[in-house]
Amino acid sequence: MIQRPLDLDAVQAFVHIAELGSFTRAAEAMGATQAAVSLKLQRLEERLGCRLVERTPRHVELSSQGLSFLENARELLEVHNRALAGFAQRRQRLVIGISDHVAGPDLPSLIARMNAQNPQLLIEIRIGSSGDLLQRFDRRELDAVIVRFHADRSDGETLADETFGWFAAPTWEPRAGEPLPLVTLAEPCGVRAMAGQALDAAGVPWTEAFVGGGVAAAAAAVVAGLGVAALAPRMLPMGAVDVGARLGLPDLPRLPVVLHSRVSDSRQRDALATLAAAFRSVVRR
């Protein structure tokens, strides 16, 4: 019984010899020397324990064992090539988590830049809260995340520091004697926590007027006149205005946008670098 696997290069050499009827032409087909092809065939014959090719001064003929082995050799190479082709056609995947408070309206153009950098890369984007995405990153469910800074994390690369303001619909007015109606995202949300802490520190009473499942929902509530939201200017919904100075609301601190990554593949790293550079440009403009 044959215990060791066959050398596929030697099997390929044998098939070329059988189909082309010449060691010289087989060597040309493989980009090798005739001596190298002869050595491959010799080792294959030794491995199988039989003579596959009858060599004569004028031409090459297969032995009976060679004729018997030829069809199996072709099938072996076909399966091998099919396996390689299937692997080559499978696109490499890069799974990135982006905080909803970071993604914003620029996300389509950011994804387009990544795709232009490497069209063969399968990009998978997950949107969520910074805290949830960091947990998934730590569980190795995501290759990289771009999130708001978390005080309990010292890792990651800061891409930019982003400013925030208090935004409301142009016609919105607070009701005298009532707490400030705040439009927020569902917990856990770092921006929500920041806004609440700033108002508490300034002694401004507030209440949640609307809790959205994402920035788009919160922006819609702002435009609908439900209250005030702490947002980055680039997230500003159409028609909304900064009412912080008019209402005497406290200044909001800048929040860093941080990249956490465990990507090591060069193609994935290049695509992620393109995305990081694009984020720097949209956040700082």
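Which residue in β12 does Val147 stand opposite? Select Val147 and look across to β12: the residue there is Val258. Keep in mind during the tour that this is a predicted model.

**The two strands around this pair**

Next, select residues 144-148, which form strand β5, and residues 255-261, which form strand β12. The two strands run antiparallel, and 5 bridges join them.

**The whole sheet**

Now widen the view to the sheet. It is open and has 5 strands, in the order β4-β3-β5-β12-β6, with mixed pairing. Select 122-128 for β4 and 157-162 for β6; these strands stand at the edges. Each has a single partner strand, so one side of each is left without a neighbour in the sheet. From one strand to the next, the twist averages 15°.

**A helix on the sheet**

Add residues 130-138, which make up helix α7. Helix α7 packs on the sheet and touches β3 (93-99), β4, β5 and β12. The direction of α7 makes about 155° with that of β5.

**Two helices in contact**

Leave the sheet and select residues 23-30 for helix α2 and 34-48 for helix α3. How far apart are their axes, and at what angle do the helices pack? The axes are 8 Å apart, and the angle is about 100°. Angles of 65 to 115 degrees count as roughly perpendicular, so α2 is roughly perpendicular to α3.

To see the contact, show the side chains of Phe23, Thr24, Ala26, Ala27 and Met30 on α2. On α3, show Gln34, Val37, Ser38, Lys40 and Leu41. The residues of this contact divide into 6 nonpolar, 3 polar and 1 charged.

Conventions:
Residues are numbered from 1 along each chain as its sequence is written. This is a predicted model: local features need pLDDT of at least 70, side-chain atom pairs count only at pLDDT 80 or more; totals for chains, interfaces and linings use all residues. Side-chain values use heavy atoms; hydrogens and water are left out. Two strands pair if DSSP finds at least two bridges between them. Helices (H or I, at least four residues) and strands (E, at least two) are DSSP runs, numbered from the N terminus. Axes are lines fitted to C-alpha atoms, for helices over the stretch in contact, and angles run from 0 to 180 degrees between N-to-C directions. Contact means heavy atoms within 4.5 Å. Angles under 35 degrees count as roughly parallel, over 145 as roughly antiparallel, 65 to 115 as roughly perpendicular and the rest as oblique. Ala, Val, Leu, Ile, Met, Phe, Trp, Tyr, Cys and Pro count as nonpolar, Asp, Glu, Lys and Arg as charged, and the others, Gly among them, as polar.
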